[in-house]
Amino acid sequence: MAMSDPASRILIVEDNQDFIAHLREILGPVYLDLFQAENGEAGLALAQKELPDLILLDMIMPRMNGLEVSQALLEKPETAKIPIVIFTGSYFDAKTADLLKSQPNVKGWLAKNCGGKVLLAEVARVLAQRPA
């Protein structure tokens, strides 16, 4: 798929409804197939069912955090290669950053306060790297 292919399917896993609305406002005009889950457990189930092209994953959520979701996705061959971009409103300590870097499906991370252009560029970059 081309890097801004509107057919790209993006799963947003985020517990903050205002932030989901913000992401939809930025991504919606470019990517037509956006769907969401409100916690890590629901996000994992939806990813396994829908097999999106990209997952935008909050780091701190109820039921399962972002790291737990990324690790669970690695356990199944059909979800292990789905690229993930982690979102956080928190500072990553060195240990957490190292853990994220060690996850082969985590392709990037962004601060929740990044601008729309940064978000769109990161989504396009990760989608462009996805194998055909």
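Reader: What does the accessible surface of the protein chain come to, and what share of it belongs to carbon and sulfur atoms?
Author: This is a predicted model, in which local features need pLDDT of at least 70, side-chain atom pairs count only at pLDDT 80 or more, and totals for chains, interfaces and linings use all residues. Residues are numbered from 1 along each chain as its sequence is written, and side-chain values use heavy atoms, with hydrogens and water left out. By the Shrake-Rupley method with a 1.4 Å probe, where only the protein chains shown count as cover for residues, the accessible surface of the protein chain is about 6800 Å², and the carbon and sulfur share is 55%.

Reader: Which order do the elements of the protein chain follow, and what is its radius of gyration?
Author: Helices (H or I, at least four residues) and strands (E, at least two) are DSSP runs, numbered from the N terminus. There are six helices and five strands, and from the N terminus they run β-α-β-α-β-α-α-β-α-β-α. The globule rule (2.2 Å times the number of residues to the power 0.38, with the radius taken over C-alpha atoms) gives 14 Å for 132 residues, so the protein chain is as compact as a globular protein of that length, its radius of gyration being 13 Å.

Reader: Is strand 3 largely enclosed or not, and how many of its residues are buried?
Author: Buried means under 20% relative accessible area, exposed over 50%, and partly exposed in between (1.4 Å probe, protein chains only). Leu 54, Leu 56 and Asp 58 point one way from strand 3, Ile 55 and Leu 57 point the other way, and all are buried. Strand 3 (residues 54-58) is therefore largely enclosed by the rest of the structure, the buried count being five of the five.

Reader: Which strands pair with strand 3?
Author: Two strands pair if DSSP finds at least two bridges between them. With strand 1 (residues 9-13) the sense is parallel, over four bridges, and Leu 11 stands opposite Ile 55. On strand 4 (residues 84-88), Phe 87 stands opposite Asp 58. That pairing is also parallel and has four bridges, which gives the partners as strand 1 and strand 4.

Reader: Is Thr 88 buried or exposed, and which residues does it touch?
Author: Thr 88 is in strand 4, and it counts as buried because its relative accessibility is 6%. Contact means heavy atoms within 4.5 Å. Not counting residues up to four places away in sequence, Thr 88 touches Met 59, Leu 110, Ala 111 and Lys 112.
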